[in-house]
Amino acid sequence: MTVNTQKVLKVLLGRMPDGERIPDALTCGVYGGRLTSLTGLPSGTLFPLLERLLNAGWVERYWEADESAEAAGRPRRRFYRLTARGAELVPQALAEASAGRPLYGRRPAGAPGLAGGGR
C-alpha cells in the first residue's frame with residue numbers, strides 16, 4: 001500500500017495527520033478539497049487514488065444537498081467516506097502497512113487494484 005493511500009485512508013477513518021480526530025468523517029465523509037488540504041496531495045494524485053478505492057469497494061462518494069451549498073453560497077461539494085466493507089478492512093490493511101509488511105505485489109483480501117498506483 002502506498003504512503004499516499006495510507007494518508008487518505010487515515011483521514012477517511014477520522015484521523016488528521018497530527019492525530020486529532022475528524023468529527024463525522026466516518027458517517028458524513030470528507031469533501032475532496034478538504035482531503036487535498038489534509039493529506040497534502042495534489043488533485044492529480046488524490047482523485048485517481050480515490051477512484052481506485054471506489055472501484056475496490058472501500059470508499060463511496062456522494063454530492064452534498066443543493067440546499068446546504070446554496071445556504072453557504074458556494075457550489076456543491078463531493079464527499080468521500082468509507083463503505084462498511086472499507087471500515088472493516090482498512091484498519092487491518094493500515095496495521096499491516098505500518099508493521100513493515102508492505103502490500104506491494106499482493107493485494108489485501110477483497111481489494112483489487114490497491115497494491116499499485118504509487119504515482
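1. Two strands are taken as paired if DSSP finds at least two bridges between them. In this predicted model, strand 2 and strand 3 (residues 78-82) are joined by 5 bridges and run antiparallel. One position in this pairing is glutamate 60, whose bridge partner in strand 3 is arginine 81.

2. The sheet as a whole is open, with 3 strands in the order 1-3-2 and antiparallel pairing. Strand 1 (30-31) and strand 2 are the edge strands; each has a single partner strand, so one side of each lacks a neighbour in the sheet.

3. Helix 3 (residues 43-56) lies across strand 2 and strand 3. The angle between helix 3 and strand 2 is about 115°.

4. Glutamate 64 merits separate comment. This residue is located in the loop that links strand 2 (59-63) to helix 4 (66-72). Glutamate 64 counts as buried because its relative accessibility is 10%, and the cut-off for that class is under 20%.

5. Two polar interactions involve the side chain of glutamate 64. With the side chain of arginine 74, glutamate 64 forms a polar contact of 2.4 Å. A polar atom of the glutamate 64 side chain also lies 2.9 Å from the backbone nitrogen of arginine 77.

6. The wider surroundings of glutamate 64 can be listed as well. Leaving aside residues up to four places away in sequence, glutamate 64 touches Ala69, Arg74, Pro75, Arg76, Arg77 and Phe79. Arg74 and Arg77 thus appear among the residues that glutamate 64 touches, Arg74 through a side-chain polar contact and Arg77 with its backbone nitrogen 2.9 Å from a polar side-chain atom of glutamate 64.

How values were computed:
Residues are numbered from 1 along each chain as its sequence is written. This is a predicted model: local features need pLDDT of at least 70, side-chain atom pairs count only at pLDDT 80 or more; totals for chains, interfaces and linings use all residues. Side-chain values use heavy atoms; hydrogens and water are left out. Helices (H or I, at least four residues) and strands (E, at least two) are DSSP runs, numbered from the N terminus. Buried means under 20% relative accessible area, exposed over 50%, partly exposed in between (1.4 Å probe, protein chains only). A polar contact is a pair of N or O atoms within 3.5 Å; within protein, one must be able to donate a hydrogen and the other to accept it, and residues adjacent in sequence count only if both atoms are side-chain atoms. Contact means heavy atoms within 4.5 Å. Axes are lines fitted to C-alpha atoms, for helices over the stretch in contact, and angles run from 0 to 180 degrees between N-to-C directions.
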